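Subject: Structure handover and notes

Dear colleague,

Please find below the sequence and the structure that I promised to pass on. My notes on what was found follow directly after.

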Amino acid sequence: MIDTHSHIFGPEFDDDRAEVVRRAKDAGVNKVLLANVDTNTIGQMKRCREEYPDFTAMAMGLHPTEIRDCWKDDLRQIYDELQNGDYVAVGEIGLDFYWDRNFEKEQREVMRTQMAWALEMNLPVILHIRKAYAEAFEVLSDFGNRDFHGVFHCFSGGLEEAKKAIRMGFFLGIGGVLTYKNSTLGDIIREVGLEHLLLETDAPYLAPVPYRGKRNEPAFMTAVRDKMSEIFNQNAQVVDEITTKNARNLFGI
């Protein structure tokens with residue numbers, strides 16, 4: 001399996017990162033894609049990559065909730081990294097209006113800029129969209145009929161948003177939320193099919209049942225895979241094979 005979205009480079013894992021990696025491998029997770037957050041996390045992520053070069057790959061981007069007054073300087077640093085570093089995607093980027101909309105204009109501009117970089121560099125994008133699906137599709141429409149490739153990470157939209165994202169060339173990233181009691185995500189993914197899905201954890205966030213409330217880690221992705229297997233009435237190996245193939249095709253890892 002490939003965990004297509006993780007932050008195991010963060011301080012939450014500083015005391016036991018080696019054990020986290022070992023447990024992931026024991027669970028059948030052979031690769032983890034590290035998604036950058038802001039300019040402060042670049043060094044942490046690169047150190048993790050250096051420590052586990054065969055187990056990790058990296059994506060570079062500026063997260064929408066981390067956009068502040070200095071966002072233009074931050075973007076310059078992100079662009080330098082993308083040009084000179086070993087990155088397989090632009091991410092995570094996007095729009096997040098869950099907490100507030102104080103930087104809505106800036107979020108849109110930063111997303112648009114980083115999408116343009118992804119197209120310029122022929123890299124997939126990892127989109128973080130929260131309470132902003134209509135606005136995100138507006139930004140994407142600014143690019144006309146350009147062919148996108150990427151993933152709506154931690155997909156939280158409805159069926160129509162899912163279908164629209166897929167038509168535009170995106171996969172849906174599915175993690176722990178799928179296992180939650182009141183989640184409608186199972187009905188949505190059943191409609192769109194396994195061929196459009198990626199497995200992810202977003203570790204240390206959004207741990208699946210039965211680990212909900214704990215620090216999430218890549219090994220817990222087996223719970224998401226098993227729930228997906230139940231939804232599609234397929235054995236776990238088939239879910240593993242299809243989602244892993246999707247991840248390899250998208251990110252080249």
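Two strands are said to pair if DSSP finds at least two bridges between them, and both helices (H or I, at least four residues) and strands (E, at least two) are DSSP runs, numbered from the N terminus. This is a predicted model, in which local features need pLDDT of at least 70 and side-chain atom pairs count only at pLDDT 80 or more, while totals for chains, interfaces and linings use all residues. Residues are numbered from 1 along each chain as its sequence is written, and side-chain values use heavy atoms, with hydrogens and water left out.

The sheet

Eight strands make up an open sheet in the order 1-2-3-4-5-6-7-8, with parallel pairing. Strand 1 (2-6) and strand 8 (197-199) are at the edges and each has a single partner strand, so one side of each is left without a neighbour in the sheet. From one strand to the next the twist averages 30°, where axes are lines fitted to C-alpha atoms (for helices over the stretch in contact) and angles run from 0 to 180 degrees between N-to-C directions.

At one edge, strand 1 and strand 2 pair in the parallel sense over three bridges, and D3 stands opposite V32 in strand 2. Although strand 1 is an edge strand, five of its five residues are buried, so strand 1 is largely enclosed by the rest of the structure; buried here means under 20% relative accessible area, with exposed over 50% and partly exposed in between (1.4 Å probe, protein chains only). At the other edge, strand 7 (residues 170-174) pairs with strand 8, again in the parallel sense and over three bridges, and G173 has L198 of strand 8 as its bridge partner.

A pair of helices

The axes of helix 4 (residues 104-121) and helix 5 (residues 133-141) come within 10 Å and cross at roughly 45°. The two helices are therefore oblique to each other, given that angles under 35 degrees count as roughly parallel, over 145 as roughly antiparallel, 65 to 115 as roughly perpendicular and the rest as oblique. Contact, which means heavy atoms within 4.5 Å, is made by E104, R108, M111, R112 and M115 of helix 4 and by E135, A136, E138, V139 and L140 of helix 5.

Three buried loop residues

F148 lies in the loop between helix 5 and strand 6 (150-153) and is buried, with a relative accessible area of 7%. Not counting residues up to four places away in sequence, F148 touches M115, L119, L140, F143, M168, G169 and F170; M115 and L140 also belong to the contact of helix 4 with helix 5. The C-alpha atoms of F148 and V125 are separated by 8.1 Å, with their positions 23 residues apart along the chain.

P124, in the loop between helix 4 and strand 5 (125-130), counts as buried at 4% relative accessibility. Leaving aside neighbours within four places in sequence, P124 is in contact with V88, A89, V90, H149, G150, L250 and F251.

T39 is found in the loop between strand 2 (31-35) and helix 2 (42-51), and with a relative accessible area of 18% T39 is buried too. Apart from neighbours within four places in sequence, T39 is in contact with D74 and Q77.

With best regards
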